[in-house]
Structures are given as C-alpha cells and as structure tokens.
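Hi everyone, thanks for coming. I'd like to walk you through one structure today, so have a look at the screen and we'll take it piece by piece.

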Amino acid sequence: MERVSIDEYFLKIAAVIAERSTCRRRKVGAVAVRNKQILSTGYNGAAAKLKDCLELGCLRDENNIRSGERHEICRAIHAEQNTIIQGCLHGVSLEHATIYCTHTPCVLCAKMLINAKIKRYVSFRKYSESAFVELFNEAGIEFEVLQKPNSKINFLE
C-alpha cells in the first residue's frame, strides 16, 4: 500500500470538513496548515446561532442568482472565511500557511486570504469564477489545482 502525499492527505481532510456544510448548492471545506500541522478549519454555512439554508431554503436559488454573482445574497459564510475566523477566535495566525480547499476561491475570499498572508492555496475543484488568479499572482501566493483525491480511506484491519 502506498502512502498518500501530504497534499492529498490535507485535501482529503478538506473534503471531510465539507460534509458539515449547510449549503444546498455546493459543499466546500477548507483547512489551514503550516509545517504539516492543522491551524484551523472551516466549511460554508450560516453564521453561528442563525438558521441555515437546510432549514430555510436557498435565497440564491429562490432569486435565480448564478454561481459567482451577488455573494451578499446568501446566508452562508464561505469555508475560507470561516477558516480565517476560526484562526482569529483561537489566536492562531494563518501567516505563511497553506490553505487546502475543495474549491478555488471567490474573489472576496482571495482578498481576505491575501491579507491573512497565506503563502499557498491548493484545491481540486474550480469555482465558477477565476478572478482570484490575477490577485494571487500579484500577491505572490502559489496556487495549484490538483486531481481530486481518492475518496477511499485505506485501513489496516
């Protein structure tokens, strides 16, 4: 049995985190890592203590809003935003971290990640917009879109 690469390992973790998402359109998970240690995690969903889309329905679907547009008409906080917030709540800087996320970021998340001073972004799915590319290039943030990791978890019984 082969050992998975460190990128595949953390992308698999991001995929498991996405299972907590309350979005009806897309489940997104993210994990911030530095020196192979998890700093914080996040998934897309409504703010704490507020009703989510699983309970109330999707405002974006009800208003026929396409993916990548009108981000303000959504109950959810993006996975990358929640990862930054969780780091802040627990006094953990994401400076020089790698973000592993199931999807590439929207432009709003990209700007927040730049200010959080991450150094690398790794994903396996593309979001509907690609405005982040120019911003990441200008900020010197490395990014890669890798193949989707194998969803099978290998156990030795």
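Okay, let's start with two helices, α5 and α6, the second of which covers residues 132–139. Their axes sit 9 Å apart, and the packing angle is about 15°. Angles under 35 degrees count as roughly parallel, so that's what we call α5 and α6. Before I go on, please keep in mind that this is a predicted model.

Which hand does the crossing of α5 and α6 have, left or right? It's right-handed. And who's doing the touching? From α5 we have V107, A110, K111, L113 and I114, and from α6 we have F132, L135, F136 and A139. If you sort that contact by class, you get eight nonpolar residues, one charged and no polar.

Now for the other partner of α5. In general, when two helices pack, people quote the angle between the axes and the distance between them. Helix α4 runs over residues 79–89 and α5 over residues 107–115. Here the axes come within 9 Å and cross at roughly 25°. That angle makes α4 roughly parallel to α5. This crossing is left-handed.

On the α4 side, the contact uses E80, Q81 and I84, while α5 brings C109, M112 and L113. The class count for α4 with α5 is four nonpolar, one polar and one charged. If L113 rings a bell, good: L113 is in the contact with α4, and L113 is also in the contact with α6.

Let's move on past the end of α5. Where does K117 lie? It's in the loop between α5 and β6, and that strand is 120–123. If you skip the neighbours within four places in sequence, K117 is in contact with L94, E95, H96 and A97. Compare K117 with T104: they're 13 residues apart in sequence, and their C-alphas are 17 Å apart in space.

Last stop, empty space. You find it by rolling a water-sized probe over the atoms. How many cavities of 30 Å³ or more does the structure hold? Just one. The largest cavity has about 30 Å³ of space. Its lining is made of C23, R24, R25, C53, C58, R60, C74 and A76. By class, that's five nonpolar residues and three charged, with no polar ones.

That's me done, so over to you for questions.

Definitions and conventions. Residues numbered from 1 in each chain as written. Predicted model: local features only at pLDDT ≥ 70, side-chain atom pairs only at ≥ 80, totals over all residues. Heavy atoms only, no water. 1 Å grid on protein atoms, 1.4 Å probe; cavity = no way out; pocket = protein on both sides within 12 Å on 5 of 7 lines; lining within 4 Å. Points joined across faces, edges and corners; volume = space filled by probe spheres on them. Nonpolar A, V, L, I, M, F, W, Y, C, P; charged D, E, K, R; others polar. Axes fitted to C-alpha atoms, helices over the stretch in contact; angles between N-to-C directions. Helix = DSSP H or I, 4+ residues; strand = E, 2+ residues; numbered from the N terminus. Parallel < 35°, antiparallel > 145°, perpendicular 65-115°, else oblique. Left-handed = near helix turned anticlockwise from the far one by under 90°. Contact = heavy atoms within 4.5 Å.
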